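Got your viewer open and a selection box ready? Load the model below and follow along, one stop at a time.

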Amino acid sequence: MISKTVRTDTRKLARQAWGNDESCRFWCGSELDERIKRHPEVLAEFFDLGSQGKALPDPEIEAYRAWASQRYRGLHLIGLGGGDVKVRVDEVYVPLRISHRPELDFDLRTGKRRGDLARSAGSGDIELEKIFDPELNDGHALIFGDPGAGKTTALLKLLNQACTEGPESLRLAEDAVALFLPLRRLANADLDAPLDVHLRQQLPERFGALVTRLWQRGRLVLLLDGLDEIGDDQRRQEVCAYLDFQLAGDERRGIRAVISCRYAGYGGSVKLAGRFLHLDVQPLDAQQVRELVQLWFRKVQPLIADYREGDARRPAEALIAALEGVGYSSQQLKVLVSSPLLLTLLCVVVLRGGEMPRHRVTFYDQCLRVLLSKWSQATKGIEPLLDVETALAVLRPLAWRLHIEGRRDDVSKAYLLTHLRQRLRHLAPQTSPFRVLEWLHRATGVIDEYAPLRYGFMHLGLQEYLAAAHVASRGEGLLDQLVERFGERWWREVILLLLGLPGQAIFTPFLQRLLASDAPLAHPELLRAGLSEAPEVVLGPFLEALDQTSDPARQAAILRMLRGRCDDPLIARAREWVDSDHPDLKALARQAVAECSGAASRGDRTSHDLAMLYLPGDAAAAAELTARLERQGLRLLSTSGWEADLETIIESVQRVAVLVGAGELPWEHRARRECLEYLAGDGLQLIPVGLPGGELPTLPSTVAWAPWVDASAGLETEAVATLGRWALEPSSGAAALTGQADTAAEHRKLLVEPRTGMRFVWVPGGRFRMGGTRHDDEKPQHWIRISPFWLGETPVTNAEYAAFLEQTRHPEPAQWRNRDFAHPEQPVVGASWHDAKAFCAWLSESMQETARLPSEAQWEFAARGVDDREYPWGNEPPDESRACFGLDWESDHTARVRMRPAGAGPFGTLDQAGNVWEWCQDVWDEAAYRKRAGREPLDPLVTEGEAGFRVLRGGGWDGSAGILRAACRLRSLAADRGRYIGFRVLAAPSSP
Amino acid sequence: MTSTSSKPVVISTRRPLPLSQLAPDDFERLTYWLVRREGFDGVEHLGAAGSEQGRDVIATRDGLRYAFQCKRVQSFTAADARAEITRVRGLPED
């Protein structure tokens with residue numbers, strides 16, 4: 001072969017050199033060029049073509065791929081015996097659902113809009129294999145998920161696929177190389193060294209030079225697993241900075257990183273700055289649950305000696321039937337089985353004949369017992385070395401110690417043996433620690449060997465559960481240490497699991513310590529999450545804490561934590577604060593009193609909200625007032641038959657309005673005065689109402705009156721509204737009458753939908769100025785008239801949506817099985833505009849009113865009332881007591897509804913600002929306001945605008961203060977099922 | 001294969017390839033890969049020892065043995081070609 005520098009006719013040269021001998025060929029000049037160019041990968045290897053060419057297989061790379069596909073092909077299938085039983089990743093891999101988490105389009109700091117939600121790639125599912133698809137992602141990826149969600153499995157799946165099917169199957173360069181690194185290795189590593197130094201340590205020495213060469217060359221896929229497993233927050237922050245530095249400017253070199261992390265391990269100061277596509281590993285859906293159960297039992301069958309063909313199918317089918325039956329229909333249980341780890345544990349337990357666990361702690365407990373029991377080792381003919389209780393007594397303190405030291409899977413053999421020797425000395429003196437370690441690893445699989453002679457618990461979840469169980473087993477001894485660590489991410493699961501343990505022995509002392517610390521103020525969400533894990537919440541420690549503090553903020557924090565409980569001692573304390581100067585405490589106390597007295601008097605003598613007593617001469621005014629109040633939704637007993645109706649009044653109401661007109665005074669007649677005295681004596685509350693044309697005369701002192709409702713100048717709205725509020729005011733009566741449009745929740749008139757218990761507040765019609773001045777789409781401000789309607793007191797909750805799903809089999813919303821969003825009292829998120837419409841249609845079936853989404857104008861009126869306020873509660877800037885906002889997009893979530901009564905709107909709506917964005921009926925039209933300004937339309941609704949887009953209102957949990965303004969508008973695609981979107985229902989009165 | 005290749009040369013595929021700018025080792029490696037991609041089996045790069053014998057790369061195809069010799073020269077005549085081939089033909093069969 002001859003280089004092109006001699007541009008010669010090759011056939012001519014051959015003829016000249018060797019006559020017609022066919023055995024000689026010359027490739028030279030342009031022919032050589034053409035031959036080379038026929039092979040782009042050859043061309044690319046030797047000449048820089050930019051991205052046009054493909055590179056050649058490199059023998060060293062081939063060797064690495066062959067090694068890696070063997071090394072990482074196996075997954076432990078929990079419950080199938082010991083540490084050396086593995087199954088192939090692709091054999092048990094149920095494709096996980098991964099979804100793109102769009103960045104919210106508001107600048108969280110300034111509240112200014114950056115674009116719109118629809119511009120981001122949406123919130124739909126993405127196949128794992130497509131996360132490097134150039135159209136989706138040209139940078140790195142960050143995969144979030146809960147413990148046991150399958151994050152590591154996802155990374156191993158990527159590695160496996162890159163090594164066996166080739167990187168091009170992942171839309172990567174043909175010669176790209178995937179490397180796996182558990183990030184916990186960086187917990188104590190030298191962060192001054194370049195990343196290839198740490199990557200090399202994961203591989204056999206013979207690949208050392210390759211890794212360094214690849215690091216310099218580029219075209220690498222770094223699969224960096226478990227950022228959260230670096231226990232120390234500060235260190236995790238340093239590792240993030242290190243990774244950012246190491247990965248910086250790598251577009252050129254083509255280094256792509258995929259980092260996995262638990263939700264709780266990221267956010268706040270722990271952030272990666274580089275270009276990361278944020279992805280969520282979604283909990284398993286119903287179909288995936290079925291697939292995983294079937295796969296698991298199919299794998300287990302050949303591994304169990306006396307299992308016959310078909311034996312595996314029966315328990316699998318029985319389990320699937322049970323999971324889809326009524327016993328497991330609650331959202332909380334669905335959340336549990338939608339974690340691949342917990343579902344696998346469930347398979348183990350069911351196979352063993354155990355009872356189906358219903359709480360996370362029982363999942364772990366039963367699974368450990370199965371793994372450590374004789375059964376799990378029967379397949380190998382091994383007799384258990386320790387009985388289950390002894391084994392647990394050995395493992396618990398080990399887990400605690402490892403957790404305290406922030407260790408995970410790099411525990412040396414000597415360390416383990418030392419621990420085992422200490423424990424066995426007391427528990428089983430005859431047993432060799434060497435044999436116990438061997439048994440724990442090989443036979444039970446509870447301890448895994450992660451690298452040669454480096455061990456750790458099979459799953460971090462088990463370590464956390466055992467650490468929690470250790471704390472519980474030690475009485476109060478370790479509680480102080482745990483209180484000190486409260487709020488540290490590394491300890492979150494341990495604390496949640498501890499609170500979830502059965503029995504009160506730990507709950508009370510732990511809560512006493514926590515409530516005496518700053519925890520309730522510093523980490524209220526964690527404490528609330530812990531309380532919802534607890535099998536039973538004992539009130540004692542909370543009452544003690546309330547009695548020991550005079551700090552209203554702390555009292556408010558504790559009241560908020562216990563919202564919804566109606567224990568007498570708690571309500572007695574709340575009553576003391578209904579007039580507190582601290583607005584948050586006052587609102588919470590009033591809410592507690594209102595909710596509980598409502599509960600107590602339900603079914604009591606409250607078939608009507610108010611009796612109205614008048615003299616026959618005032619019948620016309622009484623009729624008008626009655627009509628007005630009934631339009632507010634009040635149930636009235638209106639009568640001029642004082643003595644005749646006395647018994648009915650006593651039986652039907654707790655409150656009586658006495659109308660005082662211009663003529664005779666009601667109490668001037670002795671029999672009527674005695675009526676009033678009798679009613680007051682029976683515990684009813686009386687209020688005098690001055691009718692138009694009259695004055696406000698002196699009241700008879702034999703009756704304790706509420707302050708006058710002065711309608712003497714006319715039955716204008718405010719006086720009527722005041723009376724309406726008083727009628728519904730459940731507690732001490734007079735308090736409701738002070739202040740105009742007070743935000744306290746107890747003033748509202750409620751409509752309760754029977755199937756869901758959903759509560760609606762009455763929004764009387766009115767005229768208001770809609771819009772704002774901040775953004776173009778809020779301009780111009782313009783006058784609108786609104787007819788009265790009922791509006792959901794809160795956004796639709798998970799509990800309410802669950803009733804809908806159960807009855808209609810409508811598809812589950814996107815976040816339905818996500819633990820962070822699945823509390824019954826959290827607003828439902830991940831329901832599209834169409835889902836919301838379907839919900840409304842369903843709700844209408846059981847109501848006289850018509851349920852639908854509010855229009856933008858109705859929504860804004862309910863939030864602003866008639867006084868042009870900026871936020872539902874008024875004009876004060878948002879704070880944590882009024883709205884759920886400004887939380888971390890990565891690690892936080894929605895709040896339960898009704899937690900912030902201080903943020904109630906003028907008509908009693910809650911959570912209107914913050915928590916979730918709420919769908920409105922309107923089609924998005926940026927210019928809608930300009931088109932209708934000046935006309936003062938009645939109940940405007942935009943039906944034409946940008947096709948596919950609908951209006952969102954209210955701001956979300958992750959938004960800034962700026963977007964909580966009631967005038968702020970946002971648009972999104974009607975199909976958007978984002979985790980920041982919920983909705984609220986409007987009920988249109990049947991006869992407006 | 002170890003990483004001995006020099007910095008690749010930027011080229012346009014529409015123009016003649018700048019083979020002269022490749023390092024000697026790379027030119028031989030290029031030959032090796034070209035032969036492989038041209039469909040020969042059992043391709044071996046003989047390196048320095050082979051080069052002395054006038055064979056840089058050997059391979060087989062359809063039961064026949066092939067020897068490849070690389071030359072980068074400014075001028076190359078039929079006589080030069082004949083001399084090279086005679087050298088290869090003179091080697092014992094192995």
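What follows is a short walk through a predicted model, starting in chain B and moving on to chain A.

**Stop 1: the sheet in chain B.** Select strands 2, 3 and 4 of chain B. Together they make an open, antiparallel sheet in the order 2-3-4. Color strand 2 (41–45) and strand 4 (64–68) and look at their outer sides: these two are the edges, each with a single partner strand, so one side of each has no neighbour in the sheet. Follow the sheet across and you'll see a twist that averages 15° from one strand to the next.

Now zoom in on strand 3 (residues 57–61) and strand 4 of chain B, an antiparallel pair joined by five bridges. Which residue of strand 4 stands opposite B:Val57? Show side chains and you'll find B:Phe68 there.

**Stop 2: the helix across it.** Add helix 1 (residues 24–37) of chain B. This helix lies across strands 2, 3 and 4 of chain B, and its direction is at about 180° to strand 2.

**Stop 3: the nonpolar cores.** Switch to chain A and pick A:Cys347, A:Ala468 and A:Leu498. These have the most contacts inside the largest nonpolar core, a set of 174 residues. Which helix gives this core its largest share? Select helix 13 (residues 340–351) of chain A, which supplies 10 residues.

Stay with A:Leu498 for a moment. Leaving aside residues up to four places away in sequence, A:Leu498 touches A:Ala468, A:Val471, A:Ala472, A:Ile506 and A:Phe510. Another core, of 61 residues, lies apart from that one; to find it, select A:Phe132, A:Ile230, A:Cys261 and A:Val270, which are among its members.

**Stop 4: a loop.** Go to A:Ser432, in the loop between helix 17 (413–427) and helix 18 (433–444) of chain A. Buried, exposed or in between? A:Ser432 has 15 other C-beta atoms within 10 Å, so it counts as partly exposed. Then draw a C-alpha to C-alpha distance to A:Leu385: the two are 9.7 Å apart in space, though 47 residues apart in sequence.

**Stop 5: an enclosed helix.** Finish at helix 35 (residues 856–864) of chain A. How many of its nine residues are buried? Nine of the nine, so the helix is largely enclosed by the rest of the structure. Click along it and you'll meet charged-letter names as well as nonpolar ones on the buried list, including A:Glu856, A:Trp859, A:Glu860, A:Phe861 and A:Arg864. Step just past the end of helix 35 to A:Gly865, where phi is positive, at about 65°.

Technical notes:
Residues numbered from 1 in each chain as written. Chains lettered and ligands numbered in written order. Predicted model: local features only at pLDDT ≥ 70, side-chain atom pairs only at ≥ 80, totals over all residues. Pairing = 2+ DSSP bridges. Helix = DSSP H or I, 4+ residues; strand = E, 2+ residues; numbered from the N terminus. Axes fitted to C-alpha atoms, helices over the stretch in contact; angles between N-to-C directions. Contact = placed C-beta atoms within 7 Å. Buried ≥ 20, exposed ≤ 12 C-beta atoms within 10 Å, placed from the backbone. Core = buried A, V, L, I, M, F, W, Y, C linked by C-beta atoms within 7 Å.
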